[in-house]
Amino acid sequence: MQITENNNNLIIKLLTHPYLKIFRHLILLIFIASISGGFIWYMQEEVEMTTFQRYGGLLFFIFIFLGSTYLNIYILVPKLLEKNKWAMYFSSLLSVVLLIILLIFLIQALYIPKAPSTINETNIFSIIINVLSSTMSIFLLLVGTTTLVLFKHWISDMKQSEELESNTLSLELKLLENQINPHFLFNMLNNANIMIKKDPEAASHIIYKLEEMLRYQMNDNTRKKVLLKEEILFLDDYLELERTRRDYFDYIISTDGNIDQIELPPLLFITFVENAVKHNSVNNTNSYVRIMFRIDKEQLLFVCENSISLQSVPSNKQDGGIGLINIRRRLDLLFDDNYSLEQTKTGTSYTTRLILNL
């Protein structure tokens with residue numbers, strides 16, 4: 001089911017559209033009011049009720065039904081059910097139902113005069129049926145609202161998943177067009193051609209590195225996750241090729257902690273590294289890119305620092321429209337609130353600091 005293709009569906013729009021939130025609550029109120037009216041109608045069949053008792057009882061039922069429904073939606077479901085605490089959730093739900101039944105019988109005993117009758121088997125049977133039917137009605141009301149809440153969350157998760165898939169695919173296509181672009185390939189192949197006579201081994205090395213990079217981008221990045229060490233090798237190949245065509249450029253990639261089993265979405269760091277290379281110093285002074293990966297408990301720290309010059313200042317936008325906004329959007333979709341991204345600039349350097357909660 002493609003949620004994005006069914007945005008015009010009335011039910012989906014009603015459940016998820018933020019502007020219809022008040023309308024959703026109004027529908028719930030009307031539904032609960034109709035159920036409460038049914039209880040009052042049933043009670044009128046049994047005993048005589050004054051106007052005050054009738055409308056007072058209606059407000060009482062609306063209050064307890066609405067209160068229990070919102071208690072279920074905003075406390076029991078997010079705090080228990082969504083955290084897979086099934087036993088605690090259903091026991092709490094049953095407790096709420098029993099409490100409501102108790103309140104109903106108390107209000108009947110206090111405010112509604114009873115018709116004279118004698119206790120017999122028929123009355124006892126009627127009371128049991130009444131209790132069971134009331135319990136089932138209230139339980140179905142709460143379970144029904146739980147189902148709608150879970151369905152709403154499922155729709156939201158599906159929409160987020162589709163948006164993430166679309167965003168990731170778009171980003172990867174842009175990376176194929178911009179990160180390893182024809183101009184970069186032309187420079188590398190031109191370097192290899194020049195070195196064929198001077199240094200055939202160096203030329204062969206350049207072509208081999210290009211082949212490895214293209215294979216990674218064309219094949220390995222189709223996976224949802226890759227090993228961090230594979231991503232680091234890709235960045236190392238990219239920076240090494242840059243070093244072959246520049247006289248005053250150096251780079252360092254360091255790691256701290258056990259990275260062997262860490263898996264992440266592919267091509268997560270290349271945008272930052274490409275930006276660091278692109279806006280590096282281009283004069284005759286030594287320029288550099290320093291990259292560090294650190295694993296600390298359940299966190300990954302990525303730091304990318306590059307030298308800058310007055311002629312080349314890092315910007316938030318890159319060629320092809322892949323800028324800081326798109327990077328943050330992808331991180332939002334992948335990690336929600338489980339990351340932090342900081343970028344700072346001094347007179348001589350530009351630093352990106354990314355923390356991911358694994």
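Leu267 is buried, at a relative accessibility of 1%. In this predicted model, Leu267 adopts a positive phi of about 55° although the residue is not a glycine. Leu267 sits in the loop that joins strand 3 (263-264) to helix 9. A second non-glycine residue with positive phi is Lys297, at about 60°. Lys297 belongs to the loop between strand 4 (287-296) and strand 5 (299-307). Where Leu267 is buried, Lys297 is exposed, with a relative accessible area of 75%.

**Overall composition and confidence**

The chain contains ten helices and seven strands. Of its 358 residues, 39% count as buried. Among contacts with a sequence separation of 6 or more, 72% join residues that lie 24 or more positions apart.

The average pLDDT of the chain is 75, and 70% of the residues score at least 70. Over residues 312-321 the pLDDT is below 50, and this stretch has 28 contacts in the model beyond near neighbours in sequence. Residues 176-180 also have a pLDDT under 50, with 19 contacts beyond four places in sequence. Where pLDDT is low, the predicted coordinates should not be read in detail.

**Helix 9 and its packing against helix 8**

The loop holding Leu267 leads to helix 9. Eight of the nine residues of helix 9 are buried, so this helix is largely enclosed by the rest of the structure. The buried residues of helix 9 are Ile270, Thr271, Phe272, Val273, Glu274, Asn275, Ala276 and Val277.

Helix 8 (residues 228-244) packs against helix 9 (residues 270-278) at an angle of about 15°, and the two axes are 11 Å apart. Because angles under 35 degrees count as roughly parallel, helix 8 is roughly parallel to helix 9. The crossing of helix 8 with helix 9 is right-handed. On the helix 8 side, the contact is formed by Phe234, Leu235, Tyr238, Leu239 and Glu242; on the helix 9 side, by Ile270, Val273, Glu274 and Val277. These contact residues comprise seven nonpolar, no polar and two charged. An α-helix has 3.6 residues a turn, so residues three or four places apart point the same way.

**Strand 3 and the C-terminal residue Leu358**

Leu264 is part of strand 3 and is buried, with a relative accessible area of 4%. Not counting residues up to four places away in sequence, Leu264 touches Lys224, Lys225, Val226, Leu228, Phe269, Leu300, Phe335, Leu356 and Leu358. Leu264 and Leu358 are separated by 94 residues in sequence, yet their C-alpha atoms are 8.8 Å apart in space.

**The loop before helix 4**

Lys85 is located in the loop between helix 3 (51-79) and helix 4 (86-111). With a relative accessibility of 37%, Lys85 counts as partly exposed. Leaving aside residues up to four places away in sequence, Lys85 touches Lys79 and Leu80.

**Accessibility of selected residues**

The table gathers the accessibility values of the residues discussed individually.

| Residue | Relative accessible area | Class |
|---|---|---|
| Leu267 | 1% | buried |
| Leu264 | 4% | buried |
| Lys85 | 37% | partly exposed |
| Lys297 | 75% | exposed |

Technical notes. Residues are numbered from 1 along each chain as its sequence is written. This is a predicted model: local features need pLDDT of at least 70, side-chain atom pairs count only at pLDDT 80 or more; totals for chains, interfaces and linings use all residues. Side-chain values use heavy atoms; hydrogens and water are left out. pLDDT is the predictor's confidence in each residue, from 0 to 100. Contact means heavy atoms within 4.5 Å. Axes are lines fitted to C-alpha atoms, for helices over the stretch in contact, and angles run from 0 to 180 degrees between N-to-C directions. Helices (H or I, at least four residues) and strands (E, at least two) are DSSP runs, numbered from the N terminus. Angles under 35 degrees count as roughly parallel, over 145 as roughly antiparallel, 65 to 115 as roughly perpendicular and the rest as oblique. A crossing is left-handed if the near helix is turned anticlockwise from the far one by less than a right angle, and right-handed if clockwise. Ala, Val, Leu, Ile, Met, Phe, Trp, Tyr, Cys and Pro count as nonpolar, Asp, Glu, Lys and Arg as charged, and the others, Gly among them, as polar. Buried means under 20% relative accessible area, exposed over 50%, partly exposed in between (1.4 Å probe, protein chains only).
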